[in-house]
Amino acid sequence: MGTVKRQPWVVGVSGASGTPYAASVIRALLAAGESVDLIVSRAARLTILDETGISFRDAHWRTDLAEWLGGDEGLDDVRFWSAGDFAAGPSSGSYPAKGMLVVPATTGAVAGIALGLSKDLLQRVASVTLKERRPLVVCVRETPLNGVTLKHLVELDAQGAVVLPASPGFYAGGSTVRELVDFVAGRVLDAVGVPHSLYLRWEGELGAAARQSGGGAPAVAEGE
């Protein structure tokens, strides 16, 4: 019998604002003991540079990724693929990936995936994920959305993808940017069944999360 093959989650980072969402997802996947295949689009490199000051380079991806994530723990389970490498492993349906998380997703990436354009490796792998009936989560980060993008999102839903807007929830007691980012990242992982502890879950008690995080009981406006 052969050895058990590595089965990674492919994380595709497109050029939308919101690269902290991707960093949180990658950290949580590694913390859960999952393997990660990483694709960073050309536009995403500019966004990472703009939002973090980090230059993400193919030749130095491990060093740059460690700086982006805030440490190198778990990076032995990460494999990086250049966005222009159409011969990359995940570009084939025979590659043993568990599924793909596109986070954040631009409206351009949404369109390309919905229409099957495969103009770069990120879009190609998303198309492969759909045709192989593997989990695909598209974390769209744009507002407002026009009618064309809404149609593309409906098409992705029809093809079996999970459309997950980067919409933080406040019921979990998050009061910092990091906590709100982690909430969205946690919902991405919830969609594919990866365990995590990124946010406090709703348990049916009003104000419970705020009290656990030290925020106290929620105020009630007069007349409510």
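Is Y199 buried or exposed in this structure? In this predicted model, Y199 is buried, because its relative accessible area of 12% falls below the limit of 20%. The residue is a convenient point of entry, and the report returns to its surroundings after an account of the chain as a whole.

**The chain as a whole**

The secondary structure of the protein chain amounts to 8 helices and 6 strands, and, read from the N terminus, these elements follow one another in the order β-α-β-α-α-β-β-α-α-β-α-β-α-α. The chain is as compact as a globular protein of its length, because its radius of gyration of 18 Å is close to the 17 Å that the globule rule gives for 224 residues. Measured out along its principal axes, the C-alpha trace of the protein chain spans about 60 × 45 × 40 Å.

Of the 224 residues, 49% count as buried. Among the contacts in the protein chain with a separation of 6 or more, 72% are accounted for by residues 24 or more positions apart. The protein chain exposes about 11300 Å², and carbon and sulfur atoms supply 52% of that area.

**Y199 and L200 in the loop between α7 and α8**

Y199 belongs to the loop between α7 (177-191) and α8 (208-212). Leaving aside residues up to four places away in sequence, Y199 touches A172, D182, F183, G186, R187 and D190. The C-alpha atoms of Y199 and E179 are separated by 7.3 Å, although the two residues stand 20 residues apart along the chain.

L200 also has its place in the loop between α7 and α8. With a relative accessible area of 33%, L200 is partly exposed, because this value lies between the limits of 20% and 50%. For L200 and G186, which are 14 residues apart along the chain, the separation of the C-alpha atoms is 9.8 Å; G186 is also one of the residues that Y199 touches.

**Cavity and pocket**

How many cavities of 30 Å³ or more does the model contain? The count comes to 1 cavity, and the largest cavity has a volume of about 40 Å³. The residues that line the largest cavity are V10, P90, S92, A97, G99, V125, V128, T129 and R134. Helix α5 (residues 121-131) provides the largest share of this lining, with 3 residues. By character, the lining of the largest cavity divides into 5 nonpolar, 3 polar and 1 charged.

The second largest pocket has a volume of about 160 Å³. Its lining is made up of S14, G15, S41, R42, A43, T106, G108, A109, K119, D120, L122 and Q123. At least two residues of the lining of the second largest pocket come from each of α2 (42-52), α4 (107-115) and α5. The lining of the second largest pocket divides into 3 nonpolar, 6 polar and 3 charged residues.

**Backbone features**

Two cis peptide bonds and two positive phi values are set out below, each with the place of the residue concerned.

| Residue | Backbone feature | Place |
|---|---|---|
| P104 | cis peptide bond with V103, omega about -10° | strand β4 (residues 99-105) |
| P144 | cis peptide bond from T143, omega near -5° | loop between β5 (136-140) and α6 (147-158) |
| S118 | phi near 50° | loop between α4 and α5 |
| R133 | phi about 60° | loop between α5 and β5 |

The cis bond between V103 and P104 involves a proline that lies in strand β4, whereas the cis bond from T143 to P144 leads to a proline in the loop between β5 and α6.

S118 has a positive phi although it is a residue other than glycine, and R133 likewise has a positive phi without being a glycine. Is R133 buried or exposed? R133 counts as exposed, because its relative accessibility of 70% is over the limit of 50%. R133 lies in the loop that follows α5 and leads to β5, and α5 is the helix that supplies the largest share of the lining of the largest cavity.

Key: Residues are numbered from 1 along each chain as its sequence is written. This is a predicted model: local features need pLDDT of at least 70, side-chain atom pairs count only at pLDDT 80 or more; totals for chains, interfaces and linings use all residues. Side-chain values use heavy atoms; hydrogens and water are left out. On a 1 Å grid over the protein atoms alone, a cavity is a set of points where a 1.4 Å probe fits but cannot get out, and a pocket is an open set with protein on both sides within 12 Å along at least five of seven lines; lining residues have an atom within 4 Å of a point. Grid points are joined across faces, edges and corners, and a volume is the space filled by probe spheres set on the points. Helices (H or I, at least four residues) and strands (E, at least two) are DSSP runs, numbered from the N terminus. Ala, Val, Leu, Ile, Met, Phe, Trp, Tyr, Cys and Pro count as nonpolar, Asp, Glu, Lys and Arg as charged, and the others, Gly among them, as polar. The radius of gyration is taken over C-alpha atoms; the globule rule is 2.2 Å times the number of residues to the power 0.38. Buried means under 20% relative accessible area, exposed over 50%, partly exposed in between (1.4 Å probe, protein chains only). Contact means heavy atoms within 4.5 Å. Accessible areas come from the Shrake-Rupley method with a 1.4 Å probe; for residues, only the protein chains shown count as cover.
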